[in-house]
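Open the model in your viewer and keep the selection box handy. We'll go stop by stop: pick something, look around, move on.

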Amino acid sequence: MSDSDKAGSTPLVMREALAFLVFAGVAMLAVSLYSFHVEDPSLNQATTVAAENMLGTVGAWIADMMYQLFGLVSWLLVLLGLVLVIRIVGASQAYFAGWTSIFWLPCLMAISGLLQSHITVASMQELPWGMLPAGAGGALGILLVGALSERLYTLGSDLVLIALMLSSFVIASHISLLAAIQRIILAFFWFFRHLNPCFSKARSALQGQWNKLCAFFKARTKRKPVSNKNNNKNKTTEA
């Protein structure tokens with residue numbers, strides 16, 4: 001391999017190495033969150049019992065801190081990590097999408113607040129992990145809901161959190177929700193426009209079968225009076 005080929009393959013090798021490292025971290029986070037146990041040793045619980053987490057004591061500490069801070073939104077961090085791996089492999093120049101990536105934090109905080117407001121304790125017990133240390137929304141959700149609901153009540157708090165979530169998502173992801181809705185509507189129109197000939201053919205076939213059925217019953221009803229007249233004639237002749 002020449003020096004120019006080596007120089008050209010260097011960025012690809014670096015991207016692959018970085019993608020493997022990020023993917024390993026994301027996988028470890030997902031495994032530690034999935035195998036979380038409340039009774040494992042953590043920052044807030046000192047115990048001599050061995051950790052049941054699949055990543056041992058380190059995984060137990062990581063899972064406890066993530067659930068304490070973000071609650072169930074910790075799984076969205078796993079999803080964002082996978083998106084980052086795809087961006088690295090896809091040779092995106094700005095892996096983190098620049099300074100706008102900071103807006104993922106208020107987006108996650110808003111989702112934490114919504115989860116904390118609307119996921120009850122009874123529904124939390126149905127999860128594989130049971131009760132989480134700080135509820136469904138974590139400490140961030142508790143702080144947000146406590147600050148907003150005291151002054152705006154539940155409805156006002158939900159409106160503020162939904163607006164914060166949508167606006168932060170649009171800025172962080174560079175995805176226009178209005179453009180996405182418009183594309184979905186146009187896709188529906190295109191789908192139904194191409195299905196209209198099929199529907200018209202099926203409608204015409206059903207109409208033809210219905211006409212044949214109606215003609216059959218009309219023919220049966222016309223034959224009945226004739227048979228009655230014949231029976232009456234037979235009765236008169238016998239009399």
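Select Val73 to begin: is Val73 buried or exposed? Val73 counts as buried, because its relative accessibility is 1%. You'll find this residue in the loop between α2 and α3 (74-89). Now add Gly141 to the selection. Val73 and Gly141 sit 68 residues apart in sequence, yet their C-alpha atoms are 9.7 Å apart in space.

**Zoom out**

Before going further, keep in mind that this is a predicted model. Switch to cartoon and colour by secondary structure. The chain shows seven helices and zero strands, so your legend for the run along the sequence reads α-α-α-α-α-α-α. If you colour by burial instead, 25% of the chain's 239 residues count as buried.

**Helix α2**

Select residues 56-69, which make up helix α2. Its 14 residues should span 20 Å at 1.5 Å a residue, and the C-alpha atoms at its ends are indeed 20 Å apart. Next, show side chains for Gly59, Ala60, Ala63, Asp64, Met66 and Tyr67, the buried residues of α2. Turn the helix until you look down its axis: these buried residues fall within an arc of 170°, so they line one face of α2. As background for that view, an α-helix has 3.6 residues a turn, so residues three or four places apart point the same way.

Just after α2, click on Gly71, which takes a positive phi of about 70°.

**Helix α3**

Move on to α3. This helix has 16 residues and reaches 23 Å from its first C-alpha to its last, close to the 22 Å expected at 1.5 Å a residue. Which residues of α3 are buried? Pick Ser74, Val78, Gly81, Leu84, Val85 and Ile88. They cover an arc of only 115° around the axis, which puts them on the same side of α3.

Keep Val85 selected and add Leu21. The two are 64 residues apart in sequence, while their C-alpha atoms lie 9.2 Å apart in space. Leu21 belongs to helix α1. With a relative accessible area of 64%, Leu21 is exposed, whereas Val85 is one of the buried residues of α3.

**Aromatic pairs**

Hide everything but the aromatic side chains. How many aromatic pairs are there? The count comes to two.

For one of them, select Phe36 and Tyr67. The ring centres of Phe36 and Tyr67 are 5.1 Å apart and their planes meet at 65°, so this pair is edge-to-face. Phe36 lies in the loop between α1 (3-34) and α2, and Tyr67 in helix α2, so the pair ties together parts that are 31 residues apart in sequence. Both Phe36 and Tyr67 are buried.

For the other, select Trp104 and Phe169. Here the ring centres are 5.8 Å apart and the planes are at 75°, so Trp104 and Phe169 are edge-to-face as well. Trp104 lies in helix α4 (residues 104-118) and Phe169 in helix α6 (residues 138-173), so this pair ties together parts 65 residues apart in sequence. Trp104 is partly exposed, with a relative accessible area of 21%. Phe169 also counts as partly exposed, at 25% relative accessibility.

**Two backbone stops**

Stay on α6 and click on Tyr153, which lies in this helix. Its phi is near 65°, a positive value in a residue other than glycine. Tyr153 counts as exposed, because its relative accessibility is 62%.

Then go to His174. Where is His174? The loop between α6 and α7 holds this residue. His174 is not a glycine either, but it has a positive phi of about 60°. Its relative accessible area is 54%, so His174 is exposed.

**Last stop: the surface**

Turn on the surface and select Leu178, Ile181, Ile185, Leu186 and Phe189. Together they form a nonpolar patch on the surface, with about 550 Å² of accessible area. Phe189 sits in helix α7, which covers residues 177-238. At 55% relative accessibility, Phe189 counts as exposed.

Notes: Residues numbered from 1 in each chain as written. Predicted model: local features only at pLDDT ≥ 70, side-chain atom pairs only at ≥ 80, totals over all residues. Heavy atoms only, no water. Patch = residues over 30% accessible without salt bridge, like charges linked within 9 Å, V, L, I, M, F, W, Y side chains within 5 Å. Areas by Shrake-Rupley, 256 points an atom, 1.4 Å probe, with all protein chains shown as cover. Salt bridge = Lys/Arg side-chain N within 4 Å of Asp/Glu carboxyl O. Helix = DSSP H or I, 4+ residues; strand = E, 2+ residues; numbered from the N terminus. Buried < 20%, exposed > 50% of the residue type's maximum accessible area, 1.4 Å probe, protein only. Expected span 1.5 Å × (residues − 1). Arc of directions from axis to C-beta. Phe/Tyr/Trp six-rings, centres within 6.5 Å; stacked < 30°, edge-to-face > 60°.
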